[in-house]
Amino acid sequence: QLPLVESGGGLVQPGESLKLSCRSTRWILEHFTIGWFRQVPGKEREGLACISGGGFIDSVKGRFTISKDIDAETVDLQIRNLRVADTAVYYCAAQSTWNNCRRHTNMNYWGNGTLVTVSS
């Protein structure tokens, strides 16, 4: 198991922005691909963005931005203009390669998730 710890979730209002962080170790962030996913009950886990050890990014277009801060040992996901439909548990995950990293079945290690609730 890899250390992957999500933080930053909570209750936010529609239209606001939010930054989620996935904390790991410097070595893992430099050698693994880290992805952000979300899941609502009854639906498949959805891949939002991922970043390789070397900094390559694969991301859905639009309101999600992934970034890596090696010194802080985090991979962050910025979400803009939050909507009620963004309410979900958000997870970070890791794989040791760069292989269709927005597909959840390709990720090998998972954090426990952080809940984001968007409501007025």
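## Around S52

Beyond its neighbours within four places in sequence, S52 is in contact with F32, T33, K68 and W98. Contact here means heavy atoms within 4.5 Å. S52 sits in the loop between β5 and β6 (57–59). Strands are DSSP runs (E, at least two residues), numbered from the N terminus. With a relative accessibility of 6%, S52 counts as buried. The cut-offs are under 20% relative accessible area for buried, over 50% for exposed, and partly exposed in between (1.4 Å probe, protein chains only).

## Basis of the model

This is a predicted model, in which local features need pLDDT of at least 70 and side-chain atom pairs count only at pLDDT 80 or more, while totals for chains, interfaces and linings use all residues. Residues are numbered from 1 along each chain as its sequence is written, and side-chain values use heavy atoms, with hydrogens and water left out.

## Two disulfides

How many disulfides are there? The count comes to 2. A disulfide is a pair of cysteine sulfur atoms within 2.5 Å. Counting the bonded cysteines along the chain, the pattern is 1-3, 2-4.

One disulfide joins C22 and C92, with sulfur atoms 2.1 Å apart. This pair links distant parts of the chain. C22 belongs to strand β3 (residues 18–23) and C92 to strand β9 (residues 88–95), with their positions 70 residues apart in sequence. The link of C22 and C92 is right-handed, with 60° about the S-S bond. Both C22 and C92 are buried.

## The link of C50 and C101

C50 and C101 form a disulfide too, and their sulfur atoms are 1.8 Å apart. C50 is in strand β5 (residues 46–51) and C101 is in the loop between β9 and β10 (109–110), so the disulfide ties together parts that are 51 residues apart in sequence. Why is the disulfide of C50 and C101 right-handed? The reason is that the torsion about its S-S bond is about 60°.

Are these two cysteines buried or exposed? C50 is buried, because its relative accessible area is 0%. C101 is buried as well, because its relative accessible area is 1%.

## A sheet of four strands

Strands of a sheet pair through backbone hydrogen bonds, either parallel or antiparallel. Here, an open sheet of 4 strands runs in the order β1-β3-β8-β7, with antiparallel pairing. Two strands pair if DSSP finds at least two bridges between them. Which strands form the edges? They are β1 (5–7) and β7 (64–69), and each pairs on one side only. On average, neighbouring strands of this sheet are turned by 20° against each other, direction ignored. The axes are lines fitted to C-alpha atoms, for helices over the stretch in contact, and angles run from 0 to 180 degrees between N-to-C directions.

The pairing of β1 with β3 is antiparallel and spans 3 bridges. One residue to look at is E6, whose bridge partner in β3 is C22. C22 is also bonded to C92 in a disulfide.

## T65 on an edge strand

T65 lies in strand β7, one of the edge strands of the sheet. At 35% relative accessibility, T65 counts as partly exposed. Not counting residues up to four places away in sequence, T65 touches D76, L77, Q78 and R80.

With R80, the side chain of T65 makes a polar contact, side chain to side chain, at 2.8 Å. A polar contact is a pair of N or O atoms within 3.5 Å; within protein, one must be able to donate a hydrogen and the other to accept it, and residues adjacent in sequence count only if both atoms are side-chain atoms. R26 is 39 residues from T65 in sequence and 20 Å from T65 in space, C-alpha to C-alpha.
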